[in-house]
Amino acid sequence: MSPTRKTLHINAFLLGVGHHEAAWRHPSTEAHRVLDVRHYQELARIAERGTLDSIFFADGLAVGPRVQRNTLAVFEPITLLSAIAAATERIGLIATASTSYNEPFNLARKFASLDHISGGRAGWNIVTSGSADEAYNFGYDAIPEHARRYERAGEFLDVALALWDSWEPGAVVLDSGAAVFADPERVHTIDHAGERFRVRGPLNSPRSPQGRPLLVQAGSSDSGKEFAAQHAEAVFTAQRGLVEGQAFYRDLKARLPKYGRGADQLKVLPGLVPFIAETPERARELEQQFTDLISPDYALRQLSAMLGTDVTGRDLDEPLPPLPDESVIQGNKSRFTLVKNLAEGERLTLRQLIAELGGGRGHRTFAGTPEQIADEIQLWFDNDAADGFNIMPPHLPGGLSDFVDQVVPILRRRGLFRTEYTATTLRGHYGLPPVDNRHASVEQTATAV
């Protein structure tokens, strides 16, 4: 790989036995494996074989729409990634966790533990949770207001960052002769007293190999983009076309200087659902096989949740009913707008819309040969629409194996992607420097992280 060329980053977003909502019904998958930790360990090893930067598990805090029709993400992801850490060596491990329904101390401790267990491979996808079903599980009568969720997220992250810094590099002494486990002068309370949280600290977990997890964010609303520009080091986003992707990329990168950050400090990774086959025709046939297995009642319930508008029971060959403006949506604003624009811009019927959304819930779906998939990735990468991709295999494990064994070698031959790992931490995979500790000298940080 040319030393002057920027590096492509690839994350594998893993969901059950595949991202397509009908994956569990397709003969290429085994639905029972959604409950088998060995399945997820196998997926992680496949991704590691391809020298991917990371794997990622989303999370929700409620049973999804119409449990009758679909398998669910059944494991809490930080726990699951701890089991995967023991079965892998290099692959990064990213978990979703909500700032709306957790406390900073508990969550900071869990991610510090995962970073220790994995030897510095932990990442946190920061979400504010926009589902009414989730709100009902935590004593709310409705989704907390969108702007207030992001205000809470900002303070939550401030507390977590302070807790991760509460142990300086080198604080753990382990001098058995002198009976000194840690130097108390290098372990600090944080004494946070804010609008939403009061936390004394310090964290009861020493500083982890990375100092803190890689910070990831997935919201594309204006509030989400501003939060990402201030805090995130990688962004998972849903962009369906090159021009749209370029506009999002420019917008997000342009916000960084306000926070004293450079463009290379934030990686933009759009989602891509690849249906891969030896010919374009076979790839489209494969995609159609999955589309034919969609359960319309499930898809309409899921669509209703995305839009905040009940479309269940409507004629599938009709268009969407009139939808409200994004400003009144308290759930996932960016996904609402994406689906609304897709339906209205292409004048899709409900049947056509649920087919479009079945593979990745609004993320770009692409059916083609390995060369065509690589071409699409390179097009976006070379034209400032992406720093890499969030690959969302429609079926697992086969869809991930196809990508790793057929697409990755092409990207390597073109000099776009690594042939071997050159770093041991997740931050290293993403080309990010070690994290400074607010209490430590530069020399201490460089030595201990």
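**Group meeting: loops, helix 12, rings and spaces**

Let's start in a loop. Ser 129 sits between strand 4 (122-127) and helix 4 (132-136). Keep in mind that this is a predicted model. Which sign does phi take at Ser 129? It is positive, near 65°, and the residue is not a glycine. Is Ser 129 buried or exposed? Its relative accessibility is 7%, so Ser 129 counts as buried. The cut-off there is under 20%.

Now a second residue with a positive phi. Asp 384 lies in the loop between helix 12 and strand 13. Its phi is near 55°, and again this is a residue other than glycine. The surroundings of Asp 384 come out as partly exposed, with a relative accessible area of 42%. That value falls between the 20% limit for buried and the 50% limit for exposed, so Asp 384 gets the middle label.

Step back along the chain from there. Asp 384 comes just after helix 12. Helix 12 covers residues 370-382, which is 13 residues. How far apart should its ends be? At 1.5 Å a residue, the expected span is 18 Å. The end C-alpha atoms are 18 Å apart, so the model agrees with the expectation.

Which residues of helix 12 are buried? The list is Pro 370, Ile 373, Ala 374, Glu 376, Ile 377, Gln 378, Trp 380 and Phe 381. Look at the numbering in that list, then recall the helix geometry. An α-helix has 3.6 residues a turn, so residues three or four places apart point the same way. Pro 370, Ile 373 and Ala 374, for example, are among the buried residues.

What covers them? The cover includes helix 7 (242-254) and helix 13 (398-413). It also includes strand 11 (267-276), strand 12 (364-368) and strand 13 (388-391).

Follow the chain past strand 13. The loop between strand 13 and helix 13 holds Pro 397. Leu 396 and Pro 397 are joined by a cis peptide bond, with omega about 10°. There is another cis bond, between Gly 201 and Pro 202. Here omega is about 0°. Pro 202 also belongs to a loop, the one between strand 8 (198-199) and strand 9 (214-217).

On to the aromatic rings. How many aromatic pairs does the structure hold? There are 13. Take Phe 13 and Phe 56. Their ring centres are 4.6 Å apart and their planes meet at 50°, so this pair is tilted. The two rings come from distant parts of the chain, 43 residues apart. Phe 13 is in strand 1 (residues 9-13), and Phe 56 is in strand 2 (residues 54-57). Phe 13 has a relative accessible area of 9%, which makes it buried. Phe 56 is at 4%, so it counts as buried too.

Phe 56 has another partner, Phe 236. Those ring centres are 4.9 Å apart, with planes at 45°, so the pair is tilted. This one links strand 2 to strand 10 (residues 234-237), and the two residues are 180 residues apart. Both Phe 56 and Phe 236 are buried.

Elsewhere, ring pairs join Phe 111, Trp 124, Phe 156, Trp 164 and Phe 197 into a cluster.

Last topic, empty space. A search of the whole structure turns up 4 cavities of 30 Å³ or more. The second largest cavity holds about 40 Å³. Its lining is Glu 21, Ala 299, Gln 302, Leu 303, Met 306, Ile 354 and Leu 357. Helix 9 (296-307) and helix 11 (350-357) are the elements that give two or more residues to that lining. Helix 9 has the largest share, 4 residues. By type, the lining of this cavity has 5 nonpolar residues, 1 polar and 1 charged.

Now the second largest pocket. Its volume is about 380 Å³. The pocket has 17 lining residues, and the closest to its centre are Arg 212, His 231, Glu 233, Arg 427 and Val 435. Helix 5 (146-164) and helix 6 (222-231) each give at least two residues to the lining. What is the make-up of that lining? It has 8 charged residues, 6 nonpolar and 3 polar.

Terms used. Residues are numbered from 1 along each chain as its sequence is written. This is a predicted model: local features need pLDDT of at least 70, side-chain atom pairs count only at pLDDT 80 or more; totals for chains, interfaces and linings use all residues. Side-chain values use heavy atoms; hydrogens and water are left out. The expected span of a helix is 1.5 Å times one less than its number of residues. Buried means under 20% relative accessible area, exposed over 50%, partly exposed in between (1.4 Å probe, protein chains only). Contact means heavy atoms within 4.5 Å. On a 1 Å grid over the protein atoms alone, a cavity is a set of points where a 1.4 Å probe fits but cannot get out, and a pocket is an open set with protein on both sides within 12 Å along at least five of seven lines; lining residues have an atom within 4 Å of a point. Grid points are joined across faces, edges and corners, and a volume is the space filled by probe spheres set on the points. Ala, Val, Leu, Ile, Met, Phe, Trp, Tyr, Cys and Pro count as nonpolar, Asp, Glu, Lys and Arg as charged, and the others, Gly among them, as polar. Rings of Phe, Tyr and Trp (its six-membered ring) pair if their centres lie within 6.5 Å; planes under 30 degrees apart count as stacked, over 60 as edge-to-face and the rest as tilted.
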